[in-house]
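Me: I am new to this structure and would like a close look at a single part of it, the aromatic rings and the nonpolar core beside which they are described. Please take me through that part slowly.

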Amino acid sequence: MPRTSTDLNVGQRFLIFGDAAHQFALEHRPDIPLFVVPLAATEGVPRAVDYVTAAGSATGEVLALSRDGARLYHRALPEAITTWHGCFIGADFRALLAQRHPPGVAAALTPLMVIHLCGNPSGPAAPVVAEVLVSTRVRAIGAVFTRVARFEVGGDDDLATVVCGGLRLSPAFHDEVAVEWQEFTTFEKGIEIEAKIGLLDPVPIWSLTSHLSSLVGTEALPGFIPDVGNEVQRWENTQEMCEVLAPADQVGYIAAWQQASGTYVKYKRFAHDGLRRQETVERLDDPLPGSLPEFITARHPELTFRPLPSLTRTHFDVNLESSATGHFFGIEIDEVRELAGGRILRQAEVEYHRSRVHDGLDPSTIEPELERLAGLVQRYLTGLGVASERTYYSKLSWLRDCVDGPS
C-alpha cells in the first residue's frame, strides 16, 4: 500500500468504501471509517467510467482511515480477498473487518468511489493526476463509477491525502451521478447515428449476439464495459412500410408496427443512405384504424408515397459503454424477412445511444468511437470466418431492391 508520493504511480486504482452519507443526504455516523483497497492497475490512460465486478474487487491490502482522513491502520493480507460481491460487502472482507470493528460497520459500507491515477499531459512537473470516479450504479453483476473531477497529485501527497482530496471533490455532478436514470444526455437529438455491417453469410444471429456479449472489455472489444444491467436485449416486430417520395424535405419512409405496449409509427427522413438520418418514433394510443397507407393519406395529405412489402424484424442487441468517453452504443444484430417474397437481410448495426454525464464529456468523440467499435465488430466477424462488408445500406434501400431490382 503506498505511503509516500513516490509510491503513487500512474495506472494505480483504489476502491474506497465508506458510509453512504458521504454521497447521499443521510445522517453521518462517526463510527464508520473509510477503507481503501488497491485494485488491479491500468495502463494509466484517462477514463470516464470504471467498472468493478466481484472478481475485479479482489485486493491483498486494506488501509483504514478515519472520516477526516487520519490513518488508523494498514493490513497486508496473506491472500487476495473479494471486497464487494453483488450489492453487499464480500464475505471474506466482512469477516476481516469483524476482527477490528463492530458488525454494523461492514453492513453500513458502500463503494463510494474509485481513485485512478493517470498521466498528466501538462508536463513532468506534475506527472500524476488523480481521477475521482464516484459510484453511479450498483447491480448484482458489478458497480459502475463515473468521473466527476480530476486534480494534480502534489509532490508530498500520500494516499490518505489523495483519498481525502477525492472525497472533497466527489459531490461534483451529484444530481447527474448519484440518482438513477439522471446520468445521461443525448447529442444530436432526433438524429440516428449508425454504421452498418452487412452479413454476407447465413449466420445465426443469436450465436453472434450471445458470444459477442461475453467479449465486452476483452481483447476483442477493448475499452468498453457492459451497459450494466442492460447488457443484452431481444426484439421482434412485424412492420408495414411506405416510402415517402415527396416533398424533398420529407423523403425516406414511414413504418408502423403493433406491440403489446401499443402501436408505434416511425418516421425516417433521409435522401441517401449515410451515417446520420432523422428519426422520430411516435406511440399511438389506439391501433391504426386501417392500413398504414390509409393512415398516411388521412394524416399527411401533403406526402407522396408508395407502399413497400411488409417485413418481420428480429434483432438482438449487445449494449455497451466506452470507458474512455462515456458514450453508449448498441451492436444490434438484425435478421429482416420480407414477407411477400421471403428474402432475408442480415446486418450488424453499430448505433450511438446516449452519453454519460461526467467531467470532460465531449460530443466530438462520438463518431470516432463509433467507428472504432464498428471496426472491432468487423474484425471479430472476420475472425469467425463470417463474410461481411461495411455499408450504410438501409432497410428502405433493401426493400426498394426487392421491389425494383438492385440499383
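Reply: What follows goes from the aromatic pairs to the nonpolar core.

This is a predicted model, in which local features need pLDDT of at least 70 and side-chain atom pairs count only at pLDDT 80 or more, while totals for chains, interfaces and linings use all residues. Residues are numbered from 1 along each chain as its sequence is written, and side-chain values use heavy atoms, with hydrogens and water left out.

A search of the whole structure gives 8 aromatic pairs, where rings of Phe, Tyr and Trp (its six-membered ring) pair if their centres lie within 6.5 Å, and planes under 30 degrees apart count as stacked, over 60 as edge-to-face and the rest as tilted. One of the pairs is that of Trp257 and Tyr264, which is stacked, with 6.0 Å centre to centre and 15° between the planes. Trp257 is buried at a relative accessible area of 12%, and Tyr264 is buried at 19%; here buried means under 20% relative accessible area, exposed over 50% and partly exposed in between, with a 1.4 Å probe and protein chains only.

Phe329 and Tyr352 make an edge-to-face pair, because their ring centres are 6.2 Å apart and their planes stand at 65°. Phe329 belongs to strand β19 (residues 327-338) and Tyr352 to strand β20 (residues 344-356), so this pair ties together parts that are 23 residues apart in sequence. Helices (H or I, at least four residues) and strands (E, at least two) are DSSP runs, numbered from the N terminus. Phe329 is buried at 0% relative accessibility, and Tyr352 is buried at 5%.

The largest nonpolar core has 32 residues, of which Leu221, Leu320, Ile331, Ile333, Leu370, Leu373 and Leu381 touch the most other members. Such a core is a set of buried Ala, Val, Leu, Ile, Met, Phe, Trp, Tyr and Cys residues joined through side-chain atoms within 4.5 Å. At least two residues of this core come from each of β12 (191-199), α5 (205-213), β18 (304-322), β19, β20 and α7 (366-384), and α7 gives the largest share, 8 residues.

Leaving aside neighbours within four places in sequence, Leu320 is in contact (heavy atoms within 4.5 Å) with residues including Leu221, Phe329, Ile331 and Leu373. Phe329, the partner of Tyr352 in the edge-to-face pair, is thus also a contact of Leu320.
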